[in-house]
Amino acid sequence: MSNAPAAAQALAVLQLLARHAEPMPAAAIARDLGLPRSSTYHLLNVLRDAGFVSHLGDDQRWGLGVAAFELGSAYSRQAPLQRISRPVLSRLVDRTTHNAHLVVLHGRDVLYVIEERAQGRPSLVTDVGVRLPAQLTASGLAILAALPPQQVRALFASRDDFVQRHGRGPTSLTALRSELSQVRTRGYAIEQDSVTPGLASVGAAALDHNGLPAAGIAVTYPYERVEPDEHDQVVDAVRRAASDLSRRLGHR
């Protein structure tokens, strides 16, 4: 039981970082939690070694790490998110007559947790349980665009973190940041040929009660068979579905 206080303090650090949209200096963490600075640095180093926090050296700040996102995604993959999301996805398929899916962030990948197929539409590579690089998918780009920039930088720390399919997609943090800026300006993400040649996807992020992306929703369609006005209808339907799911998740 001697480690119980330390475990409680480590959880308090994670909860504090989760409540803040931006990474924090160690001194601010120590102050807000009423901990000695030496203890705070020790906790942060232990959490960093386990991947739950990341140290942003240029800013001398600490933020949540990949392991924290994976833990949150693991919860999101369970029944509550699926139960809440499935009727939203079902209505989205009815509105667009195209396949729709729901993903959660899993490290630098997205994990597909719901796949709603429209009648007569072909199966996609994005079946339940499949993982794809987040920066190549519309749903993943939507999630990344809703994350704090420091978290994106922590996820994509080097060029080796950028994976491509079919020779498409960003290959550097600068290129990714430019893409995410366009996503935020438009209010939705789009990819074409990055996952499957001949197919395009429109995606938007569903936000939780903290304003952080809990999941991504997307619709995939053969872009050569879709007229511009139908594309606009797909965009509107995806954004409405993401907004509906955000409300269900407690976002205001």
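**Exercise 1. Find where T97 lies and classify its accessibility.**

Solution.
- T97 counts as partly exposed because its relative accessibility is 40%. The scale: buried is under 20% relative accessible area, exposed is over 50%, and partly exposed is in between (1.4 Å probe, protein chains only).
- T97 sits in the loop between α5 (79–96) and β3. Helices (H or I, at least four residues) and strands (E, at least two) are DSSP runs, numbered from the N terminus.
- Now read the backbone. Phi of T97 is near 60°, a positive value in a residue other than glycine.

The model is predicted: local features need pLDDT of at least 70, side-chain atom pairs count only at pLDDT 80 or more, and totals for chains, interfaces and linings use all residues. Residues are numbered from 1 along each chain as its sequence is written, and side-chain values use heavy atoms, with hydrogens and water left out.

**Exercise 2. Repeat the reading for D193. Is D193 buried or exposed?**

Solution.
- Locate D193 in the loop between β6 (189–192) and β7 (199–207).
- D193 has a relative accessible area of 14%, so D193 is buried.
- Check phi. For D193 it is near 70°, again positive in a residue other than glycine.

**Exercise 3. Which backbone nitrogen does the side chain of N99 reach?**

Solution.
- Start with the strand. N99 belongs to β3 (residues 99–106).
- N99 counts as buried because its relative accessibility is 2%.
- Follow the side chain. It reaches the backbone nitrogen of A118 at 2.8 Å.

**Exercise 4. Describe how α2 packs on α3.**

Solution.
- Know what to report. Two packed helices are described by the angle between their axes and the distance between the axes.
- Take the axes, which are lines fitted to C-alpha atoms, for helices over the stretch in contact; angles run from 0 to 180 degrees between N-to-C directions.
- The axes of α2 (residues 26–33) and α3 (residues 37–49) come within 9 Å and cross at roughly 115°.
- That angle makes α2 roughly perpendicular to α3. The classes: under 35 degrees is roughly parallel, over 145 roughly antiparallel, 65 to 115 roughly perpendicular, and the rest oblique.
- List the contact residues (heavy atoms within 4.5 Å). A26, A27, I29 and A30 in α2 meet R37, T40, Y41 and L44 in α3.
- Sort the residues of this α2–α3 contact: six are nonpolar, one is polar and one is charged. Here Ala, Val, Leu, Ile, Met, Phe, Trp, Tyr, Cys and Pro count as nonpolar, Asp, Glu, Lys and Arg as charged, and the others, Gly among them, as polar.

**Exercise 5. Examine α6 and its contact with α8.**

Solution.
- Begin with burial. Eight of the nine residues of α6 (residues 138–146) are buried. They are A138, S139, G140, L141, A142, I143, L144 and A145.
- The axes of α6 and α8 (residues 173–186) come within 9 Å and cross at roughly 90°.
- The two helices, α6 and α8, are therefore roughly perpendicular to each other.
- L141, A142, L144 and A145 in α6 meet L176, E179, L180, V183 and R184 in α8.
- The α6–α8 contact residues divide into seven nonpolar, no polar and two charged.

**Exercise 6. Which residues does V152 touch, not counting residues up to four places away in sequence?**

Solution.
- Place V152 in α7 (residues 149–155).
- V152 is buried, because its relative accessible area is 4%.
- Its contacts beyond four places in sequence are L144, L147, L173, L176 and L180.
- Compare positions. V152 and D109 are 43 residues apart along the chain, and their C-alpha atoms are separated by 12 Å.

Technical notes
A polar contact is a pair of N or O atoms within 3.5 Å; within protein, one must be able to donate a hydrogen and the other to accept it, and residues adjacent in sequence count only if both atoms are side-chain atoms.
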